[in-house]
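Okay, thanks for making time, everyone. I have one model to walk you through today, so let me put it up on the screen.

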Amino acid sequence: MKKLSARRRHPAAALVVLLLALACTGGLYAVFAPADKAQADETAQSLTIEEGKKLYAVGCASCHGTGGQGTSDGPSLVGVGAAAVDFQVGTGRMPAATSQGAQIPRKKPVYTQAEIDALAAYVASLGAGPAIPAESQYSPEGADIAKGGELFRNNCAQCHNFTGKGGALTHGKYAPNLEDVDPKHIYEAMLTGPQNMPSFPDSTLSEQNKKDIIAYLDEVNSQDTENPGGLELGGLGPVSEGLFGWIFGLGGLIAVAVWVAARTAKAKKS
Amino acid sequence: MSSQIPEENLPAAQDTAHGAVGVADEKNPFADPGLPPHEHRRQDIDERAAKRSERTVALLFTVSMLATIGFIAAFVAIPVDKIVYIFPFGHVSALNFALGVTLGVSLFTIGAGAVHWARTLMSDEELTDERHAIEAEPEVRAKVMDDFRQGAKESQLGRRKLIRNTMFGALAVVPLSGVVLLRELGPLPEDKLRHTLWSKGKLLINQNTGEPMRPSDIVTGSLTFAKPEGLEEHDHDFNNEIAKAALMLVRIQPEDIKDKRTMEWGHEGILAYSKICTHVGCPISLYEQQTHHVLCPCHQSTFDLSDGAKVIFGPAGHALPQLRIGVNDEGYLEALSDFEEPVGPAFWERG
C-alpha cells in the first residue's frame, strides 16, 4: 500500500488511473447492458398495455367497466385472455351496438390489428387467460383433413352444420356460417367459446385436433371448395334440395305447360 | 234422356252447322253452347308458314341428335375428376356438368319439337265422341245371375253344413303361419334398452383424444363428449353401444346449478348427461354455454342442464338421464353407476 501511495505523484499516475476508470466503466456497462435491454422490452410491453388501456377507456369501459370488472351491460374481462379479445374485436363483434338482438353479429372490424393487439395486451394484463395463437398453431398446413372431419362432426356439426354452413339455435340465436373465417379466429373461438358457444380447451381438444378441424373447414367450406355436384343450395341437406326440386323444378314444368296452352296458334288472335 | 237433348246440339247436327251456338231460352235455360267455330291457323292457309314450321321441328330434332352425340363425346373425353369453375355453380365436376347439359338439351328439344309439331301442323279440329252406356244388356245380366245360382246349388254348400263350417275354420287358421314367421324377425329386445355400457368404476374417455380425463381438464363453459372405457371405434358393436352410451360433459359454476340432485350426481359442477334425446333419439348437443340449455336439432326440444336437464320446450317427454360421476384414486373421472333410467326415447314398457 505504501508503495502505491508513494508513487501517487508519479507523472504516469494520472494516466494509469484514467485507464483503470475506463476499464471499470466498460466492464460495468458490459455487465448491466442486457439488463437495460430487458428493461427496454418491458417498457415497450407496458407502453402497449398503456396504449391498450387508453383505447379501452374510450371504446370498451362503458359496458365492461373501467377496470374490466364488468357491468350490467357487459361481462367481466378479467381472465378472458388475449385470444378472446383478438377474436371479438378482430371479427368486428366488439364493439357491439348498444341494443343488439339475440346475438352480436360478425361485422367489419373497427380497430386496426395494432390497436387490437394493444387492447388484447391490456385485457391479458388484467388476469391470465388464453394467449393469441401463433400461426404455426392454426395454419392448415400438414394437418389430417379426414381426422378433422371426424372431429368436426363429433364436436361442431351439431350447431355449425356438417360443412360449417351454420344453423339456428333458440330464441333467435344462431351458429354462424364458417365460410372463409380466418383460421386464427376459428382457433380462438374453439379456445375461448365466444357468446353461447361452448369452449373446447386444449385439455379436451388438443392443439393438433384444432389444426385438423381448421384444415377440414378449409377443404369443405371456402371459396375454392371443389363441389362436383355444383349448386349446393346453401349446403343445408336434403330438405332444402327437395324443396328446391318441388318449387322450381315442378313449378318450371307447370309454367311451361301453362305457357304452351295459353298461346294460341290461330291465325286470327282473339 | 236422349230425347230431351235439343236436336241441334247432337254431333250429327253440329257437323252440318259447325260453329252454331246453342241459345238459352225459356224452354231450355241451360242449353249446351256447343263448340266454338273452328278457326284456321296460319299453317293451315299458308303453305310457306307450314314449311317454316316443318323446318323448325326438324331443327329441334336435329339439335337433340347433336346433343346426344355431345353427351357420348363428353362421357368418353372428359376425365371423371376434372374440376372447372362455372358461374354461378362454383368449382364443379366438368363431366357432371357436360353430361347434364347435353342430356337436358337432347330431351328438351325432343319435347319442344313434338309440341311445336302438334300445335302448328297436326289437325286441330275439335271432335265430340259420345260414350256408350256402361250397363250391360238386360238379357246378359239375367244369364249371369242364373249361372251363378245354378253353380251355388250344384256345389251343395248350403246343404252340407259340415263342409261349410270346416272350410271357414281352415281359412281363419291359415294366416297364423304368417304370424308365427314374424317371430323370426330378430331376437327379442329383452332388457337391452334399459342398460348401457356404463357401470361403476368405468373411466370417462374423451372421444377426441381417446384418453381419460381429470376434473381440471373440463373448464367452465366447455363441452366434451365421452365414451365408456373399453369401447373402441373398430369394435363390431361400437355403433349399437355408443348409440346408448354417448355422453356429454359440461361444467357449470356450482352456484348456477338449480337442482340439488344434479349437483350431487356431478363432480364439482362437472355434469354428465346422455346425448340421446328422449323424444325420438336424435343426438342432442346444441349446447348454449351461457343459458345452459341444450337444443335438439330434430324437433327443437330444449333441456336445462343446470336443472336436471328438465324439458323446458318441445315434444320430449322426459328429462335427459344424468350419469353419476366421481373421481377415482388416480384422479380420473369415472362413472359411479349405469344410468338410473333407460336412455333415449320412451318405449311402451318403460312406464
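First question for the room: what percentage of the 270 residues in chain A is buried? The answer is 31%. Before I go on, please keep in mind that this is a predicted model, so everything I quote is computed from it.

Let me stay with chain A for a bit. It has eleven helices and two strands. If you walk from the N terminus, the order is α-α-α-α-α-α-α-α-β-β-α-α-α, so you go through eight α entries, then the β pair, then three more α entries.

Now the overall dimensions. Chain A has a radius of gyration of 32 Å, while a compact globule of 270 residues would come in near 18 Å. Put a box around its C-alpha atoms along the principal axes and you get roughly 140 × 45 × 45 Å. As for the contacts within chain A, take those between residues at least 6 apart in sequence: 67% of them join residues at least 24 apart.

Chain A is also split into domains. Domain 1 covers 36–96 + 104–132, and domain 2 covers 133–224. Their centres, taken over C-alpha atoms, are separated by 23 Å. Where these two domains of chain A touch, domain 1 puts in 13 residues and domain 2 puts in nine. On the domain 1 side of that contact you find seven nonpolar, four polar and two charged residues.

One spot in chain A I'd like to point at is A:Gly237. You'll find A:Gly237 in the loop between α10 (207–220) and α11 (238–262) of chain A. Is A:Gly237 buried or partly exposed? It counts as partly exposed, because it has 13 C-beta neighbours inside 10 Å. Also, A:Gly237 lies 9.2 Å from A:Asn161, C-alpha to C-alpha, although 76 residues separate the two in sequence.

On to chain B. Here we have nine helices and 13 strands. The radius of gyration of chain B is 39 Å, against a value near 20 Å for a compact globule of 351 residues. Its C-alpha trace spans about 105 × 80 × 55 Å along the principal axes. Of the 351 residues, 24% count as buried. And of the contacts in chain B with a separation of 6 or more, 52% come from residues 24 or more positions apart.

Let's look at the strands of chain B. There's an open sheet of five strands in chain B, in the order β3-β4-β5-β6-β11, and the pairing is antiparallel. At the edges sit β3 (204–206) and β11 (322–323) of chain B, each pairing on one side only. If you zoom in on β3(B) and β4(B), they run antiparallel and are joined by three bridges. There, B:Leu204 stands opposite B:Pro228 in β4(B).

Then there are a couple of hairpins. In one of them, β1(B) and β2(B) have three residues between them. Four bridges join β1(B), residues 83–86, to β2(B), and these strands run antiparallel. B:Ile86 stands opposite B:Gly90 in β2(B). Another hairpin is made by β9(B) and β10(B), with five residues between them, and B:Gly308 in the turn has a positive phi of about 65°. Strand β9(B) is residues 302–304 and β10(B) is residues 310–313; they pair in the antiparallel sense over three bridges. Look for B:Asp304 opposite B:Lys310 in β10(B).

So how do the chains meet? How many residues of chain B are in contact with chain A? It's 41, and they touch 34 residues of chain A. Several elements of chain B each supply at least two residues to that side, including β2 (90–93), which we just met in a hairpin, and α4 (94–120). Of these, α4(B) gives the most, with five residues. By class, the chain B side has 16 nonpolar, 19 polar and six charged residues.

Last stop, the largest nonpolar core. It has 85 residues, and those touching the most other members are A:Leu119, A:Ala120, A:Val123, B:Leu204, B:Leu247 and B:Leu249. Helix α5 (residues 113–126) of chain A gives the most to this core, with eight residues. Take A:Val123: leaving aside neighbours within four places in sequence, A:Val123 is in contact with A:Gly68, A:Leu77, A:Val80, A:Ala82 and A:Val85. And B:Leu204 is the residue I showed you opposite B:Pro228. That's my tour, thanks!

Note on methods. Residues are numbered from 1 along each chain as its sequence is written. Chains are lettered from A and ligands numbered from 1 in the order in which they are written. This is a predicted model: local features need pLDDT of at least 70, side-chain atom pairs count only at pLDDT 80 or more; totals for chains, interfaces and linings use all residues. A nonpolar core is a set of buried Ala, Val, Leu, Ile, Met, Phe, Trp, Tyr and Cys residues joined through C-beta atoms within 7 Å. A residue is buried if 20 or more other C-beta atoms lie within 10 Å of its own, exposed if 12 or fewer, and partly exposed in between; C-beta atoms are placed from the backbone. Two residues are in contact if their C-beta atoms, placed from the backbone, lie within 7 Å. Ala, Val, Leu, Ile, Met, Phe, Trp, Tyr, Cys and Pro count as nonpolar, Asp, Glu, Lys and Arg as charged, and the others, Gly among them, as polar. Two strands pair if DSSP finds at least two bridges between them. The radius of gyration is taken over C-alpha atoms; the globule rule is 2.2 Å times the number of residues to the power 0.38. Domain bounds come from an automatic or database domain assignment.
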